[in-house]
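Reader: I'm new to reading protein models and would love some help with this one. Could we walk through it together, one question at a time?

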Amino acid sequence: MAETGAPLVAADEAPAYSAPTLDPTAPVAAPLEFYNAEAEDADSGYPGPTRVRRASTLPSSILNYRKENGRTYHSYGSTEHWGPNDEAAKDQQDLSHHFWTLLLEGQFYLAPIKPPKKVLDLGTGTGIWAIAMGDEFPEATITGTDLSPIQPSWVPPNCHFEIDDFNKEYGRENSYDLVHTRELLGTIPNWVDFFKKAYAALEPGGWIDCTEPAIKLGSTHYAFPASHPWAMWYSIFTAIDAKSGLAFDIAPSLKSAMQEAGFVNIIEKKTNVPIGKWPKDKRQKELGAWNQLRIDTGLRDFAERRLKTVMEWENDEILVLVAKCRASVQDPREGLCHDIYHVYGQKPERCVEAGQLK
Ligand SMILES: C[S@@+](CC[C@H](N)C(=O)[O-])C[C@H]1O[C@@H](n2cnc3c(N)ncnc32)[C@H](O)[C@@H]1O
């Protein structure tokens with residue numbers, strides 16, 4: 001963060017820039033069920049079966065989404081995820097994927113394993129990362145798991161999805177050479193336990209690769225007073241973390257949790273990224289535009305359920321906070337930015353557990 005007191009960047013100084021928009025011709029996602037190699041989708045455009053089954057055969061306990069405030073939420077799982085799973089939420093996840101990929105300059109992960117053979121994407125959401133990985137690495141098998149069956153049916157033949165809860169034992173011991181997670185903030189009661197389960201799922205020498213945004217926003221040119229919407233946001237979310245036990249503010253502690261779980265060769269890459277089109281540099285401006293779009297469209301999704309159920313806020317109070325934060329995000333004079341954490345680590349080639357080499 002830059003020093004306090006530097007002059008604001010005037011809105012009209014920023015060169016004209018069009019915000020990116022979603023591709024309206026993209027196929028509409030159809031819900032699907034667990035992996036099933038028998039099913040085929042002749043229209044998929046891919047050479048092999050799509051390996052999915054239609055949602056019509058999903059148990060009703062999974063498909064009976066909870067409805068709150070005109071949004072739908074998953075019904076399966078041991079913990080309540082904060083985010084809705086309806087079309088608006090899926091669009092937000094898909095446009096976020098573009099931001100994450102742009103940030104990694106076209107790569108899908110940073111762990112030094114290329115090509116991977118067997119990949120697990122925990123909390124896959126719409127499955128957009130898993131699908132991209134399936135295309136990128138046709139020889140690899142990609143499994144995406146989530147509480148919500150919101151993945152599309154048009155998927156590469158080497159990619160499939162399962163309904164699974166990563167906060168329970170998922171028993172996939174020594175199976176994968178890459179476990180990927182992205183934006184799982186606010187969903188995990190104990191990150192060390194979470195990493196231990198991922199460790200067990202990896203084969204010796206395999207890698208875990210995690211991406212999480214810091215929820216503490218800053219400005220390039222002034223320190224936020226306590227009354228600033230983003231200062232309020234941070235203090236409210238740390239209160240939510242303490243009350244709910246499902247922390248949002250976890251990005252800075254990923255590395256130590258990974259270490260505690262037994263991973264080695266851990267690398268933490270922290271990148272300060274703009275929010276908005278205010279940077280003059282072309283790449284930073286593009287990153288900032290997408291980050292702005294991701295946050296602007298996601299704010300209500302991030303906040304609504306936890307503010308209501310954990311903090312017992314009224315709808316009006318939630319809308320006011322969200323509106324103030326959105327106004328700040330849309331104002332180039334704010335010079336908003338935050339840190340994104342990429343943390344990856346390796347399961348040792350020879351693991352000693354309970355006195356035995358594994
Ligand atoms: C913010 S989204 C991120 C989706 C995806 N990782 C991405 O980056 O595109 C978080 C996802 O985690 C899933 N999730 C939350 N808690 C979960 C759990 N206990 N087990 C499996 N998935 C979970 C949610 O359903 C949601 O799809």
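Author: Happily! One definition before we start: Ala, Val, Leu, Ile, Met, Phe, Trp, Tyr, Cys and Pro count as nonpolar, Asp, Glu, Lys and Arg as charged, and the others, Gly among them, as polar. Please also keep in mind that this is a predicted model.

Reader: With those classes in hand, how many residues of the shell around the ligand are polar?

Author: The ligand is surrounded by 23 residues, and the closest are H81, G123, G125, R182 and T187. Helix α2, helix α3 and strand β4 each supply at least two residues of that shell. Sorted by class, the shell has five nonpolar and four charged residues, and the number of polar ones is 14.

Reader: Let's step back to the whole chain. What percentage of the 358 residues in the protein is buried?

Author: The secondary structure comes to eight helices and 12 strands. Of the contacts with a separation of 6 or more, 69% are between residues 24 or more positions apart. As for burial, the share of the 358 residues is 42%.

Reader: Are α2 and α7 roughly parallel or roughly antiparallel to each other?

Author: Helix α2 covers residues 87-103 and helix α7 covers residues 282-309; their axes are 9 Å apart and make an angle of about 155°. Angles over 145 degrees count as roughly antiparallel. The two helices, α2 and α7, are therefore roughly antiparallel.

Reader: And how many nonpolar residues does the contact of α2 with α7 have?

Author: On the α2 side, the residues include L95, F99, L102 and L103, and they meet a set in α7 that includes L287, W290 and L293. The contact also has six polar and three charged residues, while the nonpolar count is eight.

Reader: Which helix do the buried residues of α4 pack against?

Author: Helix α4 spans residues 191-201, and its buried residues are F194, F195, A198, Y199, A200 and A201. They pack against strands β3, β6 and β7, and also against a helix, α6.

Reader: H342 is in strand β10. Is H342 buried or exposed?

Author: A residue is buried if 20 or more other C-beta atoms lie within 10 Å of its own. Leaving out residues up to four places away in sequence, H342 touches L110, T211 and K269. Although H342 and C210 are 132 residues apart in sequence, their C-alpha atoms are 5.7 Å apart. Because 22 other C-beta atoms lie within 10 Å of H342, this residue is buried.

Reader: How far apart in space are A214 and Y341, C-alpha to C-alpha?

Author: A214 is in the loop between β7 and β8. With its neighbours within four places in sequence set aside, A214 is in contact with A251, P252, H338, D339 and Y341. A214 and Y341 are 127 residues apart in sequence, yet in space the separation is 7.3 Å.

Reader: Which residue does a cis peptide bond join to K114?

Author: Most residues other than glycine have a negative phi, and most peptide bonds are trans. Here the bond has an omega of about -10°. The partner lies in the loop between α2 and β3, and the residue joined to K114 is P115.

Reader: E312 has a positive phi although it is not a glycine. Is E312 buried or exposed?

Author: The phi of E312 is about 60°, and this residue lies in the loop between α7 and α8. A residue is exposed if 12 or fewer other C-beta atoms lie within 10 Å of its own. E312 has 8 such atoms, so it is exposed.

Methods:
Residues numbered from 1 in each chain as written. Predicted model: local features only at pLDDT ≥ 70, side-chain atom pairs only at ≥ 80, totals over all residues. Axes fitted to C-alpha atoms, helices over the stretch in contact; angles between N-to-C directions. Helix = DSSP H or I, 4+ residues; strand = E, 2+ residues; numbered from the N terminus. Parallel < 35°, antiparallel > 145°, perpendicular 65-115°, else oblique. Contact = placed C-beta atoms within 7 Å. Near = placed C-beta within 6 Å.
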